[in-house]
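Please look through the structure shown here, and follow how its aromatic rings and its helices are arranged. The report below goes from ring pairs to charges over rings, and then to a pair of helices.

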Amino acid sequence: MKASRITLFIFSSIALLACLSGLFPNNGITIGSLTLRFPSIADVLQPANASTTIYAESLLNEAETQLGNMLSDSENLADKEEDEVNAKFEQFNKNNPARIYFPNNDPKFFDPLFLALDSAQKTPVRIVHFGDSQIEIDRISASLRECFQSRFGGNGPGLLPVIQTVPTISVRQTCSNAELPRFMPYGPAEFRIKHGRYGIMAQMTAIDGPVNCSFAAASYNDTQSRVKKFQKVSILVGNVTARLSISVSSGSYNNTQTIEPMVSSQQVTFHLPTSVSRVNVSMNGTAEIYGVMLDGEKGVSLDNIPMRGCGGTIFTAINSNEPKQFCRDNNVRLVIMQYGGNAMGYIKSKETRTTYVENLGKQIERIKQWAPNAQILFIGPSDMATSIDGTIQTYPHLPTVVDDIKAMVLSHGAAFWDLYSAMGGKNSMVQWAKSNPPLAGNDYVHFTTAGANKVSALLKQSILIYHSYYQRRNGINISPSVKNVPVQRAPNLLDSIKPFTLPMNK
């Protein structure tokens, strides 16, 4: 065959395919259960994730570099001119993808929080981190906790459930009866309870008889140092229908307190003479247990409260009495809400998106009722990828969901951290999963431990920049820099959570 005919055949084929691409419906042609699709010309010329590597990596590196430089500038007044540092802060607050968005663009939004943190050695401060499975295993929370406790004092892992269904990087715990009734406002319907007394952790354990629990600092080489010691043990109890005896023992220490029948909730606290890394808690009676707290006597405590499969719309289903008392008694000054990822598979239209986002707004208002003295920081969903026409790429509606959540959060007087943008934006999850070491799992949804540490590093450095700016504005000596904490690795734990089957609560 002549070369001219071959050339003509090739160009004719290309023209025919281009025409077919232009005529083929965007949603494909459905024949029974089969859907036929044909790539558009734009898809062929510029695949959805063609530029992922360069964009995500460069943006992330730029954000990290600027955060590091800002911290260095903020904490070395003698070396920098005031106007120069302030100008850099303004630039950071406008342009850095890891910046925090505040209501009315007010960078002083966190001032009450920072005032409390700077006084945490006198009046302990509590931070509560709610989230979905992205924070399971104490991911993200552990690094944030170490940062706050290193800067403002404090020890211990904070609030824990009686029965821990997912191992954490920070604490090993056991319960003599793992079959105790547990109730939650999310997950399978059989976990619900009509009175709604789920407690601050959104999970309640009912006991009727003797129960023995043990808690010990995890022994992984890279478990954060301050989480390994605690001196104060508190048990959150309520609805005691038969006299409840609680005993706490560690080494030579052994003490018992008894609670008479009552309907309300109570925090039963034991002050140990020295800091310990292991404790046993024995309970005998009939009551509802909302959690066990392992804290230092002073400084900051940070609670990790993950809810697998939860979309974050469950707080209005919780009886407010115990959470209100908890926030009041423990000086809760910051509540972090990290949700949105579990909604991606359910949002199919503008109507469902609007309904979900409006429902999240109701949850923020409920948290405000629980913790009126706290600032609220909402962490939006990360990038998530799925297969679309054979290509792994960002969920099409995810960027719009992020924007809608941000607008809603700010309108409800809470701060917003755009994790989607901070990690690199569209299709960045693909890059994170393919990095070495992997920063995300092969489900293109969950971070590995290394990825969670990177997320936490971006967030905590951003918070520290605002704290340094607060101290500068108020003439307070800049706090010592926080040393780089070691990367957390838990070789015996799953680095990536397998896809879960629990339905999102609506």
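## Aromatic rings and helix packing

In this predicted model, the count of aromatic pairs comes to 16, where two rings pair if their centres lie within 6.5 Å. One of these pairs joins Phe92 and Tyr466, and because their planes stand at 55°, with the ring centres 5.6 Å apart, the pair counts as tilted. This pair links distant parts of the chain, since Phe92 belongs to helix α4 (residues 82-95) and Tyr466 to helix α12 (residues 449-473), with their positions 374 residues apart in the numbering. Both Phe92 and Tyr466 are buried.

Another aromatic pair, formed by Phe102 and Phe110, is edge-to-face. The two pairs are set out in the table.

| Pair | Centre to centre | Angle between planes | Kind |
|---|---|---|---|
| Phe92 and Tyr466 | 5.6 Å | 55° | tilted |
| Phe102 and Phe110 | 5.3 Å | 85° | edge-to-face |

Is Phe102 buried or exposed? With a relative accessible area of 3%, Phe102 is buried, and Phe110, at 1% relative accessibility, counts as buried too. The residues of these pairs also belong to one aromatic cluster, which is formed by Phe89, Phe92, Phe102, Phe109, Phe110, Phe114, Tyr466, Tyr469 and Tyr470.

Some rings have a charged side chain over them. The charged end of Lys406 sits over the ring of Tyr101, 4.2 Å from the centre of that ring, while Arg172 lies over the face of Tyr220, at 5.2 Å from the ring centre.

We now turn to helix packing. Two packed helices are described by the angle between their axes and the distance between the axes. Helix α8 (residues 350-370) packs with helix α9 (residues 398-411) at an angle of about 35°, and their axes are 10 Å apart. The crossing of these two helices, α8 and α9, is right-handed. On the α8 side the contact is made by Arg353, Tyr356, Val357, Leu360, Gly361 and Ile364, which meet Thr400, Val401, Asp404, Ile405, Met408 and Val409 in α9. Sorted by class, this contact of α8 with α9 has 8 nonpolar, 2 polar and 2 charged residues.

For the protein as a whole, there are 12 helices and 18 strands, and 54% of its 506 residues count as buried. Among contacts between residues at least 6 apart in sequence, 78% join residues at least 24 apart.

Terms used
Residues are numbered from 1 along each chain as its sequence is written. This is a predicted model: local features need pLDDT of at least 70, side-chain atom pairs count only at pLDDT 80 or more; totals for chains, interfaces and linings use all residues. Side-chain values use heavy atoms; hydrogens and water are left out. Rings of Phe, Tyr and Trp (its six-membered ring) pair if their centres lie within 6.5 Å; planes under 30 degrees apart count as stacked, over 60 as edge-to-face and the rest as tilted. Helices (H or I, at least four residues) and strands (E, at least two) are DSSP runs, numbered from the N terminus. Buried means under 20% relative accessible area, exposed over 50%, partly exposed in between (1.4 Å probe, protein chains only). A charge sits over a ring if NZ of Lys or CZ of Arg is within 6 Å of the ring centre and within 35 degrees of the ring normal. Axes are lines fitted to C-alpha atoms, for helices over the stretch in contact, and angles run from 0 to 180 degrees between N-to-C directions. A crossing is left-handed if the near helix is turned anticlockwise from the far one by less than a right angle, and right-handed if clockwise. Contact means heavy atoms within 4.5 Å. Ala, Val, Leu, Ile, Met, Phe, Trp, Tyr, Cys and Pro count as nonpolar, Asp, Glu, Lys and Arg as charged, and the others, Gly among them, as polar.
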